[in-house]
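Dear colleague,

I am passing on the structure we spoke about, and I would be glad if you kept it open while reading the notes underneath.

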Amino acid sequence: MTVAYTIVTVLVAVAIYFGVRYFVRAGRKFGGSRVIVCPETGKQAMVEVDTRRAALTSLVGQTDIRLESCWRWPLREDCGQECLLQLDVAPEDCLVRSVLTKWYRGKKCAFCERSFEETDLIDHKPALFTPEGITVEWAEVPISAINEAMATYQPVCWNCHIAQTFYHEHPDLVVERPVM
Ligand SMILES: [Zn+2]
């Protein structure tokens, strides 16, 4: 009994040690104020990353980077937080995902007009419809072009992206049904 008790105590102590160490490290990595150039105003502003959210989400999977505060808030608290792209707290694709997730929310697919839900953004990455008439995946858009993409591209759901890609690659296999 005493042995089991000791083992449990040691395990709990180890778990607490690693838990605390993990959050201290995450705090060092994501925490602190950073100066960015607000894409909306073109002026510098001071922002802070939501450390707790970043640490917790990175524990269970994809790190979700969001701002905790910004000089311009609460006046413009509903901004798209595009300035996240300027931070170096996480890999580029992670920052792009964090920014685009906010952008897709509340929008509808340019083809089927279905609204995007939170889960769609994780399992089936939505795509973008370019002014040139093709659909592209996030990964194909460089981080420097994301702001322009959000201004000029339209959101497309995963299913429509696959259908469009197939249509473009095999136009001979797609039979257009005549309109009755
Ligand atoms: Zn669609």
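The notes below deal with the cysteines and then with the nonpolar core.

Please bear in mind throughout that this is a predicted model. A search of the whole structure finds zero disulfides. Cys79, for its part, is in no disulfide, the nearest cysteine sulfur being that of Cys83, 6.2 Å away, and Cys79 is buried, with a relative accessible area of 16%. The sulfur of Cys94 lies 14 Å from the closest cysteine sulfur, again in Cys83, which is too far for a bond, because a disulfide requires the two sulfur atoms to be within 2.5 Å. Cys94 also counts as buried, at 5% relative accessibility.

As for the interior, the largest nonpolar core has 41 residues, of which Ile65 and Leu100 touch the most other members. At least two residues of this core come from each of α1, β2 (44–49), α2, β3 (67–70), α3 (92–104), β4 (127–129) and α5 (146–152), and α3 gives the largest share, seven residues. Domain 1 (1–90) and domain 2 (105–180) each contribute at least three residues to this core.

Leaving aside residues up to four places away in sequence, Ile65 touches, among others, Phe30, Val49, Ala54, Leu84 and Leu95, and Cys94, discussed above for its sulfur, is also one of the residues that Ile65 touches. Ala54 belongs to helix α2 (residues 51–60), where Ala54, Ala55 and Thr57 are buried, and the buried residues of α2 pack against α1 (2–30).

With best wishes

Methods. Residues numbered from 1 in each chain as written. Predicted model: local features only at pLDDT ≥ 70, side-chain atom pairs only at ≥ 80, totals over all residues. Heavy atoms only, no water. Buried < 20%, exposed > 50% of the residue type's maximum accessible area, 1.4 Å probe, protein only. Helix = DSSP H or I, 4+ residues; strand = E, 2+ residues; numbered from the N terminus. Contact = heavy atoms within 4.5 Å. Core = buried A, V, L, I, M, F, W, Y, C linked by side-chain atoms within 4.5 Å. Domains from an automatic or database assignment.
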